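Subject: Handover of a structure and its findings

Dear colleague,

Please find the structure below, together with its sequence. A short account of what was found in it follows.

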Amino acid sequence: MDPSFVPGDVRVRAPATSANLGPGFDALGLALALHDDVEARVTEGGVMVEVTGEGAGELPTDASHLVVRAMLAAFDELGARPPGLAVSCVNRIPQARGLGSSSAAIVAGIQLARGLAVDGQKRMDDAAALRLAAAIEGHPDNVAPCLLGGFTIAWTEESGAIAVSRRPAKAVQPTVFVPTDRGLTAEARAVLPATVPHADAARSAGRAALLVHAITEEPELLLPATDDRLHQQYRAPGMPATFALVTALRAAGVAAVVSGAGPSVLALSPIPEDFAPGIGWVEQRLGVDVTGARVEGVHWDTPSGPTVAAGPMS
Ligand code: HSE
């Protein structure tokens, strides 16, 4: 075994995530207790990928698999590529539904590379891992909660993505409604206008600020706090069933939003017992993942305080 790598398998549990949470477009996110389990080890040569569960038979099983691409990008930053890799994915996060499956693959890959490289977690800290994950994904609001857990606020500087993580209040009860239909984030982004009315921007900024308070301290305010004017109405024509469900839930007093770029729906407050989402939706009540994607069996330094990936980047 090359002394640059640890022998044997490393394993990571990468959580599903919901981005935007209404008005926090490209900034806010929440990690959910629904996980992809990914294992990897260094081999003598070649790349082998095994996929079971979501995406099995559809996802590539060679070096073009997103977990492997992220691993290789991380190994390049760490300065050592292994001769070969064997990767095994047990996927539970529905693909292309707005629940962060691609972010989970990217973050899992980076964490596995950090776990397989000797001293990888020291040579690439969480801040660097977040920058790399956001650079691969293109926006930070899914990769931040996937890496850090909890409720995250992410932003981007010249040097890359930064995020802070907070623990949501116990009364926050995420439920996802997942449709059969898939959606492509690139298409959902393409329908967004280049500019929005100032009044809409001001309204959304206020609600996003309120959301930080509501989700951590006062969940009773989640309904007004999740009101968005930046993206959901522009996406509605492309996902009418999603928009109809969000509207019906909100009319019933539930803090519901489009999950990420859709088409799933996320509710942050309890669903009334007599509420029926209609046919075609799989309803799943999920806890919040508060740890993020950690590598099992590898010692990770415990971050101090809620800000675990912040500060000026070198
Ligand atoms: N903020 C992103 C969007 C999340 O809404 O396009 C997509 O994963």
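The model is predicted. The residues around the ligand are a good place to begin: they are Ala19, Asn20, Phe25, Asp26, His139, Asp141, Asn142, Thr185, Arg189, Arg235, Gly260 and Ala261. Sorted by class, this shell comprises 3 nonpolar, 5 polar and 4 charged residues.

Three side chains in the shell deserve individual mention. Arg189 places a polar side-chain atom 2.6 Å from an oxygen atom of the ligand. For Arg235, an N or O atom of the side chain is 2.8 Å from a ligand oxygen atom. In the case of Asn142, the distance between an N or O atom of the side chain and an oxygen atom of the ligand is 2.9 Å. On its own, the ligand has 260 Å² of accessible area, and the protein covers 95% of it. The largest pocket is the space that the ligand takes.

The wider arrangement of the chain may also be of interest to you. The chain is divided into two domains, namely domain 1 (10-167 + 289-296) and domain 2 (175-285). To the contact between them, domain 1 contributes 24 residues and domain 2 contributes 36 residues. Taken over C-alpha atoms, the centres of domain 1 and domain 2 are 24 Å apart.

Which domains supply the shell around the ligand? Domain 1 and domain 2 each provide at least three of its residues.

With kind regards

How values were computed:
Residues numbered from 1 in each chain as written. Predicted model: local features only at pLDDT ≥ 70, side-chain atom pairs only at ≥ 80, totals over all residues. Heavy atoms only, no water. Near = heavy atom within 4 Å. Polar contact = N/O pair within 3.5 Å; in protein donor to acceptor, adjacent residues only side chain to side chain. Areas by Shrake-Rupley, 256 points an atom, 1.4 Å probe, with all protein chains shown as cover. 1 Å grid on protein atoms, 1.4 Å probe; cavity = no way out; pocket = protein on both sides within 12 Å on 5 of 7 lines; lining within 4 Å. Sits in = over half its atoms within 2 Å of the grid points. Nonpolar A, V, L, I, M, F, W, Y, C, P; charged D, E, K, R; others polar. Domains from an automatic or database assignment. Contact = heavy atoms within 4.5 Å.
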